[in-house]
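Student: I am new to this structure and would be grateful for a close look at a single part of it. Please begin with the chain in general and then proceed to that part in detail.

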Amino acid sequence: MSENFIKNLLAPYFFQWVVAIYESMKRFTATRILALGAVVALVGCGGSGGFDGSSFGGLLYYQSNEIFTTNLNGGNVNSVGINYFLGSMSSSKLIAASKFDGDNEIYTVNADGSDEQQLTNNTANDVRPSISANGSKIAFVSDRDGNNEIYVMNSNGTNVVRLTNDAGNDYFPSISADGSKVLFKSDRDGNDEVYSVNSNGTGLTRLTNNAAVDTTPAWSPDGTTILFCSNRDGNYEIYRANANGSSQTRITNTVINEFHASYNMTGFYIFYYDDTRLRRMDADGSNITDVGPVGASKMTTFVYP
Ligand SMILES: [Ca+2]
Ligand SMILES: [Ca+2]
Ligand SMILES: [Ca+2]
């Protein structure tokens, strides 16, 4: 058998093989281009494009009579414990208030409930802790000085600094991811409004100003925008504003009440409650998705990572 005979014999197959490789490369390139286009489109429209929550991983922590975790789509619901009242979550710690010693104190625990650390120890009510995503600072509420004020401390409980000093009810602190700023609500000006203050106590700024209740503020992960809840349009809805309070925009619009919005750590999703359900929506308010039922005592959602 000559070499030419073999070449001639194999040529058609060789050609088919080359065509097959060429076709698969075309498909591969086409797939890559389609995938790239999808990513560009997704980024271009702020992430409002059919992301599957599980692709981010992460756990949603929420308070519904007790603390539960679930994945971002509502599967794998697990109880963390009945004795804690959820605050928030850093990269490694869950923070909560509990009355283990008779009055409310602030505790950190690992996500599985292990390694509990008590951070406050007094006879006052120490509640509503919010830990920065970088784990450096905790904001919380205490009535240790006579009425509810906002305080910050290091994540090991040291260096407590009082941020407010006012006869009003200062409550619902949310500390920024870098620990530098705290949002809270206060009724010091006659009804509930949202305020911002630096973690050293300077720069107190009122961000809302109307006769309705404006409350439960939360930072975006990058600190550029905030979420809050208001009944200014007749019932409680979720609103978004710039960090300085400008451009207040309603992002839910229903006949029922929506509360306690928080971003996931990528900023693509917002989690919140309505009267009976825990829900997820894209950051622009679209694609509202049912995550699961919640009980009567429902206060906080938090997503990590
Ligand atoms: Ca206490
Ligand atoms: Ca006060
Ligand atoms: Ca108000």
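Student: What percentage of the contacts in the chain with a separation of 6 or more is accounted for by residues 24 or more positions apart? After that, please describe strand β21 (residues 269–274) and the strands around it.

Tutor: This is a predicted model, in which local features need pLDDT of at least 70 and side-chain atom pairs count only at pLDDT 80 or more, while totals for chains, interfaces and linings use all residues. Residues are numbered from 1 along each chain as its sequence is written, and chains are lettered from A and ligands numbered from 1 in the order in which they are written.

To your first question, the figure is 38%; a contact is a pair of residues whose C-beta atoms, placed from the backbone, lie within 7 Å. The chain contains one helix and 24 strands; these are DSSP runs, H or I of at least four residues for helices and E of at least two for strands, numbered from the N terminus. Of its 305 residues, 38% are buried. A residue is called buried if 20 or more other C-beta atoms lie within 10 Å of its own, exposed if 12 or fewer do, and partly exposed in between, with C-beta atoms placed from the backbone.

Some caution concerns confidence. The mean pLDDT, the predictor's confidence in each residue on a scale from 0 to 100, is 79 for the chain, and 76% of the residues reach 70 or more. Over residues 1–55, however, pLDDT stays under 50, and the model has 21 contacts beyond four places in sequence for this stretch. Where pLDDT is low, the predicted coordinates should not be read in detail.

We may now turn to β21. This strand belongs to an open sheet of four strands in the order β20-β21-β22-β23, with antiparallel pairing; two strands pair if DSSP finds at least two bridges between them. The edges are held by β20 (258–263) and β23, each of which has a single partner strand, so one side of each lacks a neighbour in the sheet. From one strand to the next, the twist averages 25°, where axes are lines fitted to C-alpha atoms (for helices, over the stretch in contact) and angles run from 0 to 180 degrees between N-to-C directions.

On one flank, β21 pairs with β20 in the antiparallel sense over four bridges, and E258 has D274 as its bridge partner in β21. The hairpin of these two strands has five residues between them, and G267 in this hairpin takes a positive phi near 80°. On the other flank, five bridges link β21 and β22 in the antiparallel sense, with Y269 opposite D282 in β22. Two residues form the connection in the hairpin from β21 to β22.

Six of the six residues of β21 are buried, so the strand is largely enclosed by the rest of the structure. Y269, F271 and Y273 point one way from the strand, whereas I270, Y272 and D274 point the other way. The largest nonpolar core has 58 residues, of which V182, L227 and I270 touch the most other members; such a core is a set of buried Ala, Val, Leu, Ile, Met, Phe, Trp, Tyr and Cys residues joined through C-beta atoms within 7 Å. The largest share of this core, five residues, is contributed by β21. Leaving aside residues up to four places away in sequence, I270 touches L227, I238, A261, Y263, M281 and A283.

Following the sheet to its β23 edge, one meets N287 in the loop between β22 (277–282) and β23. N287 has a phi near 55°, a positive value in a residue other than glycine, and is partly exposed, with 14 other C-beta atoms within 10 Å. D290 lies in β23 (residues 289–293) and counts as partly exposed because it has 13 C-beta neighbours inside 10 Å. Residues up to four places away in sequence not being counted, D290 touches R277 and R279. The C-alpha atoms of D290 and R277 are separated by 6.8 Å, although the two residues are 13 residues apart along the chain.

Terms used
Contact = placed C-beta atoms within 7 Å.
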